[in-house]
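Colleague: I am new to this model and would like a close look at a single part of it, namely where confidence is lowest and where it is highest, set against the chain as a whole.

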Amino acid sequence: MKQFRANQAGTFAFTANGSSQNAALPGGGGLFFRLENAGPQIVFCELTANANLAAQVPTANVGGGFPVFANQPALYSMAKAGDTNLAFISAGNSTLYVTRGDSI
């Protein structure tokens, strides 16, 4: 993906910490979203249609969410058309910015 056009008012900021949280993805449509971790800890995320799904930090025996590395922006496509929520967790405090938009 070469460029990304964000939706107007389409960015939410979440505080990721050691407790799994689940939040609605920003509205306004768009097939893509950008996740940026502005904190010092890796944040693990899961896209889901389940508002109660808990994210997990992966271990050797338990699978977890996809990593969003500290201070490195990443762009991901929506996994499924029905995904409405993002579950996330981190070993420490990090700010996770989620922006929804389109590829251009």
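Modeller: What follows begins with the confidence values and then turns to the fold and the surface. This is a predicted model, and in the chain the confidence is lowest in strand 6, residues 74-77, where the mean is 74, while the highest value belongs to strand 2, residues 21-24, at 96. Behind these two strands stands a chain average pLDDT of 89, with 98% of the residues scoring at least 70. As a general caution, where pLDDT is low, the predicted coordinates should not be read in detail.

Strands 6 and 2 belong to a chain that holds eight strands and zero helices, so that, read along the sequence, the pattern is β-β-β-β-β-β-β-β. The radius of gyration is 13 Å, close to the 13 Å that the globule rule gives for 104 residues, and the chain is therefore as compact as a globular protein of that length. Along its principal axes, the C-alpha trace spans about 40 × 30 × 20 Å.

Among contacts in the chain with a separation of 6 or more, 82% are accounted for by residues 24 or more positions apart, and 36% of the 104 residues count as buried. On the outside, the accessible surface of the chain comes to about 5,700 Å², and carbon and sulfur atoms hold 50% of this area. As for charge, the chain carries 5 positive and 4 negative side chains, with the centres of the two sets lying 8 Å apart.

Note on methods: Residues are numbered from 1 along each chain as its sequence is written. This is a predicted model: local features need pLDDT of at least 70, side-chain atom pairs count only at pLDDT 80 or more; totals for chains, interfaces and linings use all residues. Side-chain values use heavy atoms; hydrogens and water are left out. Helices (H or I, at least four residues) and strands (E, at least two) are DSSP runs, numbered from the N terminus. The radius of gyration is taken over C-alpha atoms; the globule rule is 2.2 Å times the number of residues to the power 0.38. Buried means under 20% relative accessible area, exposed over 50%, partly exposed in between (1.4 Å probe, protein chains only). Contact means heavy atoms within 4.5 Å. Accessible areas come from the Shrake-Rupley method with a 1.4 Å probe; for residues, only the protein chains shown count as cover. Lys and Arg count as positive and Asp and Glu as negative; His and the chain ends are not counted. The place of a charge is taken as NZ of Lys, CZ of Arg, CG of Asp or CD of Glu. pLDDT is the predictor's confidence in each residue, from 0 to 100.
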